[in-house]
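The exercises below are meant to be worked with the sequence and the coordinates side by side. Try each task before reading its solution.

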Amino acid sequence: MYKDVGPKEVQVGAKLVRSVGKCSCGTFLKYEYHEAKFRNYCPYCKKEGTLIYEQGPTCPEGMWVCRECDADFCLVSGKEHIQGSQAHLTKA
């Protein structure tokens, strides 16, 4: 059964993104709501203001996605979703 585990809050601004959500990458051991703020900047394509919020069946918690290069990041930890990647969003 699908259960809604999406965020309680999501804010996308030109300079910052903010959420109150659950971790989708396993970095936060407690599966509960956490607040997170990041610079709206993609570490892959090196562009400002490209992060958007997405939620779907492959990531019911929601994630930050770069609309330029399609990189996916955990809503709470900012960690890139590719296994073994060390890329992270910059905390604000």
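Two strands are said to pair if DSSP finds at least two bridges between them, and strands themselves (E, at least two residues), like helices (H or I, at least four residues), are DSSP runs numbered from the N terminus. The structure is a predicted model, in which local features need pLDDT of at least 70 and side-chain atom pairs count only at pLDDT 80 or more, whereas totals for chains, interfaces and linings use all residues. Residues are numbered from 1 along each chain as its sequence is written, and side-chain values use heavy atoms, with hydrogens and water left out.

**Exercise 1. Describe the overall make-up of the chain.**

Solution. Begin with the secondary structure: the chain contains zero helices and six strands, so that the order from the N terminus reads β-β-β-β-β-β. The radius of gyration, taken over C-alpha atoms with a globule rule of 2.2 Å times the number of residues to the power 0.38, comes next. It is 12 Å for the chain, close to the 12 Å that the rule gives for 92 residues, and the chain is therefore as compact as a globular protein of that length. Along its principal axes, the C-alpha trace spans about 40 × 25 × 20 Å.

Next, consider burial, where buried means under 20% relative accessible area, exposed over 50%, and partly exposed in between (1.4 Å probe, protein chains only). Buried residues account for 41% of the 92 residues. As for contacts (heavy atoms within 4.5 Å), 48% of those between residues at least 6 apart in sequence join residues at least 24 apart.

Finally, count the charges, taking Lys and Arg as positive and Asp and Glu as negative, with His and the chain ends not counted, and placing each charge at NZ of Lys, CZ of Arg, CG of Asp or CD of Glu. There are 13 positive and 11 negative side chains, and the centres of the two sets lie 6 Å apart.

**Exercise 2. Trace the pairing of β5 with β4 and with β6.**

Solution. Start on the β4 side, where β4 (residues 51–56) and β5 (residues 59–66) pair in the antiparallel sense over five bridges, and where a hairpin of two residues connects the two strands. Two positions fix the register: L51 has C66 of β5 as its bridge partner, while E54 stands opposite M63 in β5.

Then turn to the β6 side. Strand β6 (residues 72–74) runs antiparallel to β5 and is joined to it by three bridges, with C74 in β6 as the bridge partner of M63. M63 thus appears in both pairings, opposite E54 and bridged to C74. The hairpin between β5 and β6 has five residues between the strands. To complete the picture of β5, note its cover: eight of its eight residues are buried.

**Exercise 3. Compare the surroundings of F73 and G6. Which residues does each of them touch?**

Solution. F73 belongs to strand β6 and counts as buried because its relative accessibility is 0%. Not counting residues up to four places away in sequence, F73 touches C42, P43, Y44, L51, M63, W64, G78, K79, E80, H81 and L89. For a distance across the fold, F73 and K15 are 58 residues apart in sequence and 17 Å apart in space, C-alpha to C-alpha.

G6 lies in the segment before β1 (9–12), and with a relative accessible area of 7% it is buried. Leaving aside neighbours within four places in sequence, G6 is in contact with Y33, Q55, P60 and E61. From C-alpha to C-alpha, G6 and C23 are 10.0 Å apart in space and 17 residues apart in sequence.

**Exercise 4. Examine the backbone of K46 and D70. Is K46 buried or exposed?**

Solution. Recall first that most residues other than glycine have a negative phi. K46, although not a glycine, has a positive phi of about 60°; it is found in the loop between β3 (34–39) and β4, and its relative accessible area of 55% makes it exposed. D70 is likewise not a glycine and has a positive phi of about 70°; its place is the loop between β5 and β6, and at 53% relative accessibility D70 counts as exposed.
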